[in-house]
Amino acid sequence: MQTNKIALIAPNKDFTLRAVDLFSEWGEKIHVAVASREDSIAIAQQLSERGADALICYASFNETIKTTVNIPTVSLRPSMLDILRSLQGVKEWLVKNGKWVTQQPVGLIGDAIIAEATVVADILGIKTTVLSDIQAGELAVLAAVVREVADIANSQGSEPTSTVNDIPCFSITVGHETVFESVRRARELVLAGRVERVKLEQFKAVMEFTGEGIVAVDSQRRITYINHTAEKLLNKSKVQVIGCLAATIFPDANLDDTLRYGQTRIAEVSDGDQGFTCRIVPMLISGQTVGAVLTITEAPFAAKDKDRASRALAESGYKATYNFEDFITANTFMKETLEAAKSYACVDSTILINGDTGTGKEIIAQSIHNYSPRCRGPFVAVNCAALPESLLESELFGYESGAFTGARKNGKKGLFEQADKGTIFLDEIGEVSLGMQARLLRVLQQREIMRVGGDKVIPVDVGIIAATHRNLPDLIEKGVFRRDLYYRLSILQLRLLPLSARPEDIPLLVENIAKKLSAKLFKQSLQFSAGAIEVLRRYQWPGNVRELAGVIERLIILKKDTNVTGDDVKKVFDVKSCQADGVRTVPNGTMEEIEYAIIMQVLKETGSHEKAAKILGISTTTIWRKIKLFQNERNDFNLK
Ligand SMILES: Nc1ncnc2c1ncn2[C@@H]1O[C@H](COP(=O)(O)OP(=O)(O)OP(=O)(O)O)[C@@H](O)[C@H]1O
């Protein structure tokens, strides 16, 4: 390879010789190689491997060559000026030889030049006809033939280069200026390529030495790039990894959401001993996902500790079991909500879930935790309505020894501390007192707590998800909820629709819940008729999915066969009202008093909040809330 790194691929020996002459005349050190159509690609590749920075290729070779080499290519073909000059020569010759007056057409041959030659001939007033080759067509009626010849012009003359059956044949060849222009263009591309390469090298240097591991994956999920840090983290070399399917290196990293739907997500991946947190970001070109970039950092939990960690979590009970797949819905709004929830899971801001009782707020909270980088940490759910204020405070923030009578000798860690590195789910946040709201606001802002009776500030690393069935802006208006706390909580909001607003979910939920419950109760799964589904769709479901699950459970237990009709469903609804109206006596009083009395009666009969909730078709949270509300109102009343 010569020092000048441009090479020309010529289609024949004559072309080659003329090009060599021209380049030496111009003092250009350009390597010229001759190639046939068949070996042109191999020769182009050899030239590229031997260090050529750009190739000038005869036009008919260029289309295939440019897609097989990684260096820029320039197509060399007769220019418009070359065609004009040739046809002008033809016209002059026809005039000079008395053939112009006959107005016989000129035959044109050569796919690459036909379009331009026809236009130029029109301008010059030359009649033309297109021929496929020199033997074909009515040569006798032609004044002349003009054809493209793969050569460099050797003279500027306007004489025929040959004759066929006494018809003069003229050639259109590549002019000297055209060759010169192709060299100029190739040089320009080499220069531009160099600038790009410098930028690329700078970019690569930054990528290589950043503290995070970086891996790029194409749309076929094959690894196309891995930086030095990722090689070290994964203990694998570029050679081992490039070209492999991402799944072979990261079996737990699900790329579907990113490659199909362009979503950014965070996954916990491991390669045996070591665990990593992996942020997966789509690579977009003009809005189209063409691949993904994975940034990898060491996870707070090493893989070898995972079993121990998850065992400890299971034992502590602070474990989230639900994932997004468990949330069944066919409703478009709810599907969008799930997508938003997945995005929220990737950031650490507080999330507020709003929805009626039984709409799945806890499923969503658990799923967010399990989808987030905190998934290996604890998930601590606190029902803020279930505890009296003083107890809630010491439960949430813990206490120091001797903080109050009956306090443990060594003090106690609060739930915020227990949720460290994980997520705390503050259910029924709308029910907490103003005093407690002030304490919560401080944690939300500073991510620090102070134990009851303590004076030490303890930093806590927790994700916070809050939920309520209440309309918090209404509570703000009533002065029972702090506006500043609401703003803090509501940066990322999710709203869950009541079941009555999404009747299209009923068939899916019925099928799914019936399958799960019948397996749990060791019963055969039920078949719901269209009539049964219709009855279920028309019902209002004040207790939402929890109530639906209760109805299905009753059907599974009561039905002797497996086919459920509309009447069966109605009867089960009746059974429920019989239980409430028939067996128990309804006391006199206000609605609240009757409700309170019924709740207390069922609690007494069952001895358990869970069983009572099931019978009444409401959640345990609602039971706690109603009791608390009733008792608070009584206390207020008594105080007055
Ligand atoms: N979309 C759903 N798909 C499947 N199961 C659901 C769905 N929504 C709710 N459930 C089921 O309904 C029950 C209630 O759900 P969850 O406890 O998450 O509701 P909630 O909104 O937190 O209720 P509450 O406010 O009363 O505590 C659970 O058994 C849950 O599995």
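Here are some friendly notes on two sheets, a helix and the ligand surroundings in this predicted model.

1. Let me start with the parallel sheet. This open sheet has five strands, and reading across gives β16-β19-β22-β15-β23, with parallel pairing. The edges are held by β16 (379–383) and β23 (492–495); each has a single partner strand, so one side of each is left without a neighbour in the sheet. On average, neighbouring strands here are turned by 20° against each other, direction ignored.

2. One pairing in that sheet is worth displaying. Strand β15 covers residues 351–354 and strand β22 covers residues 463–468; the two pair in the parallel sense over four bridges. If you want a place to centre the view, Ile351 stands opposite Ile465 in β22.

3. Two helices go with these strands. Helix α12 (residues 332–345) lies across β15 and β23, and its run is at about 155° to β23. Helix α13 (residues 361–371) lies across β15, β16, β19 (423–427), β22 and β23, running at about 170° to β22.

4. Next, a look at the geometry of a single helix. Helix α16 spans residues 434–446, which makes 13 residues. From its first C-alpha to its last, α16 reaches 19 Å, close to the 18 Å expected at 1.5 Å a residue. Arg447 follows α16 and has a positive phi, near 50°.

5. Which residues come nearest to the ligand? Of the 20 residues around the ligand, they are Gly360, Lys361, Glu362, Val545 and Ser619. Two or more residues of the shell come from each of α13, α21 (544–558) and α25 (620–639). Helix α13 therefore appears in two settings, as it also lies across β15, β16, β19, β22 and β23.

6. For anyone setting up the ligand surroundings, the make-up of the shell is six nonpolar, ten polar and four charged residues. Domain 4 (314–495) and domain 5 (510–639) each supply at least three residues to the shell around the ligand.

7. The model also has an open sheet of five strands with mixed pairing, in the order β6-β5-β7-β9-β8. Its edge strands are β6 (128–130) and β8 (162–164), and each pairs on one side only. Neighbouring strands of this mixed sheet are turned by 35° against each other on average, direction ignored.

8. Within the mixed sheet, strand β5 (residues 106–109) and strand β7 (residues 144–152) run parallel and are joined by four bridges. Gly107 has Val145 in β7 as its bridge partner. Helix α5 (residues 111–124) packs on this sheet, where it touches β5, β6, β7 and β9 (167–174). The direction of α5 makes about 150° with that of β5.

Note on methods
Residues are numbered from 1 along each chain as its sequence is written. This is a predicted model: local features need pLDDT of at least 70, side-chain atom pairs count only at pLDDT 80 or more; totals for chains, interfaces and linings use all residues. Two strands pair if DSSP finds at least two bridges between them. Axes are lines fitted to C-alpha atoms, for helices over the stretch in contact, and angles run from 0 to 180 degrees between N-to-C directions. Two residues are in contact if their C-beta atoms, placed from the backbone, lie within 7 Å. The expected span of a helix is 1.5 Å times one less than its number of residues. A residue is near a molecule or strand if its C-beta atom, placed from the backbone, lies within 6 Å of it. Ala, Val, Leu, Ile, Met, Phe, Trp, Tyr, Cys and Pro count as nonpolar, Asp, Glu, Lys and Arg as charged, and the others, Gly among them, as polar. Domain bounds come from an automatic or database domain assignment.
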